Amino acid sequence: MGTGHFFWVIFYFASLCSASLANNAKINFREKEKKVLDQILGAGKYDARIRPSGLNGTENLPTYVYVNMFLRSISKIDDYKMEYSVQLTFREQWTDERLKFDDIQGRLKYLTLTEANRVWMPDLFFSNEKEGHFHNIIMPNVYIRIFPNGSVLYSIRISLTLACPMNLKLYPLDRQICSLRMASYGWTTNDLVFLWKEGDPVQVVKNLHLPRFTLEKFLTDYCNSKTNTGEYSCLKVDLLFKREFSYYLIQIYIPCCMLVIVSWVSFWLDQGAVPARVSLGVTTLLTMATQTSGINASLPPVSYTKAIDVWTGVCLTFVFGALLEFALVNYASRSDMHKENMKKKRRDLEQASIDAASDLLDTDSNATFAMLRQCEVHMQAPKRPNCCKTWLSKFPTRSKRIDVISRITFPLVFALFNLVYWSTYLFRDEEDE
């Protein structure tokens, strides 16, 4: 046997021995970890029903629980039900002097548990929760870490549906504040106090996408409440959502503008095209009414007027006004025809009277009357020209004048309404929101 071969045999046996020693060390370490758990959580040694003592083991001080969370997703914000759904990783941290243990010279950093009932837990609940559930796939998404100094870290992944009272006066140009409230259910502030963890207590996933909203910012605050049973500690997170306006611009505002403009086509049609003008007016009116009802169906019935109600109401009024305009034109057209017939009869009678009188008068008399009439015309004061009357005089009938005036008045008034509407709702102060 060569020297090299002998060396490899020695190295192989050394490796086996070192692996066996490492495995034995790991087994011994796990055995020590089990012994530590039995020492601090064994039967008759720890009672999870008793609240931990206060700071530095002081009995008459409350237990301080530090809270932080990680918002994983916000799935929906429902305007009709006034609620939103969120999935988060929720964490609590407190100190329990009874859980201190030897860290084996820094080798045992912490102990991990998956059963929350083994240690004392704060009685925190979400006060504005409607529905909620834990995640149990593949295993329950929860753990408890116990550190050598007695600090306890509790982490769990949960999904919640929370109430979000909304003010829809500026809808769909609004911003909404949805809160996440956490409070103690049974322990008063004399026994339990919740505090936000220093630094960054609330974190949000970077690629958060919402279909119709944008999360502008979030604020953490305290919301302690007093009842007839005592004062209870409370924490809250205010999430400020801004509604994305582009969706509503394409789906609501532009179609409504198009319907209003289409209703003005009636002003350019001939007065005698009664079926065409009536069909156009009724069709645009029914379409606008359907659009309005569809918008209101997706919103809760509230007692105040929303910004979208002002828009749809004015657009519906313009479409209805275009239909009424044709009714007025039709009535004026028939009136013009009646007046034209009466004038024609009167002219025929006057012409007959003039013809009869001219037979009785001589040529000199006629010349005298003509001179007197010419003098009368020259003695009258000259009238100042009126641009509007001069322009309207180009259209002989009253019905045609109504159509011409409507062609100008309706677009101008609608443009003025747009100016007032957008300047009111777009350039408003944030305090008014």
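Two residues are in contact when heavy atoms of theirs come within 4.5 Å of each other. Keep that in mind as we walk through this predicted model. Take the contacts in the protein with a separation of 6 or more: 77% of them come from residues 24 or more positions apart. The elements to look for as you turn the structure around are 7 helices and 14 strands.

How much of the protein is buried? Of its 433 residues, 36% are. As for the outside, the accessible surface comes to about 27200 Å², and carbon and sulfur atoms hold 59% of that.

Now let's hunt for empty space. Rolling a probe the size of a water molecule over the atoms is a way to show where such space is left. In this model, the largest pocket holds about 270 Å³. Which residues lie nearest its centre? They are Leu124, Phe126, Phe134, Tyr154 and Ile158, out of 15 residues that line the pocket. To find the walls, follow the strands: β2 (83-95), β4 (124-126), β5 (129-134) and β7 (151-163) each give at least two residues to the lining. Sorted by class, that lining has 11 nonpolar residues, along with 2 polar and 2 charged ones.

Next, a look at what a database says. An unreviewed UniProt entry puts the feature "transmembrane region" at residues 6-25, 245-269, 310-333 and 408-427. You can check two of these stretches against the model. Residues 310-333 are 100% helix and 0% strand, and the C-alpha atoms at the two ends sit 34 Å apart. Residues 408-427 come out as 95% helix and 0% strand, with 28 Å between the end C-alpha atoms.

Finally, let's zoom in on a loop. Glycine 186 sits between β8 (175-184) and β9 (192-196), and the loop joining β8 and β9 is also where you'll find threonine 189. Is glycine 186 buried, partly exposed or exposed? Its relative accessible area is 47%, so glycine 186 counts as partly exposed. Threonine 189 has a relative accessible area of 17%, which is under the 20% cut-off, so this residue is buried.

Which residues do they touch, leaving out those up to four places away in sequence? For glycine 186, the partners are Asp123 and Tyr232. Threonine 189 touches Pro62, Asn224, Glu231, Tyr232 and Ser233. Tyr232 turns up in the list for glycine 186 and again in the one for threonine 189. One more distance to try in your viewer: glycine 186 and threonine 229 are 43 residues apart along the chain, and their C-alpha atoms are separated by 9.4 Å.

Notes:
Residues are numbered from 1 along each chain as its sequence is written. This is a predicted model: local features need pLDDT of at least 70, side-chain atom pairs count only at pLDDT 80 or more; totals for chains, interfaces and linings use all residues. Side-chain values use heavy atoms; hydrogens and water are left out. Helices (H or I, at least four residues) and strands (E, at least two) are DSSP runs, numbered from the N terminus. Buried means under 20% relative accessible area, exposed over 50%, partly exposed in between (1.4 Å probe, protein chains only). Accessible areas come from the Shrake-Rupley method with a 1.4 Å probe; for residues, only the protein chains shown count as cover. On a 1 Å grid over the protein atoms alone, a cavity is a set of points where a 1.4 Å probe fits but cannot get out, and a pocket is an open set with protein on both sides within 12 Å along at least five of seven lines; lining residues have an atom within 4 Å of a point. Grid points are joined across faces, edges and corners, and a volume is the space filled by probe spheres set on the points. Ala, Val, Leu, Ile, Met, Phe, Trp, Tyr, Cys and Pro count as nonpolar, Asp, Glu, Lys and Arg as charged, and the others, Gly among them, as polar. UniProt positions are given in the numbering used here, feature names are shortened, and annotations may be inferred rather than shown by experiment.
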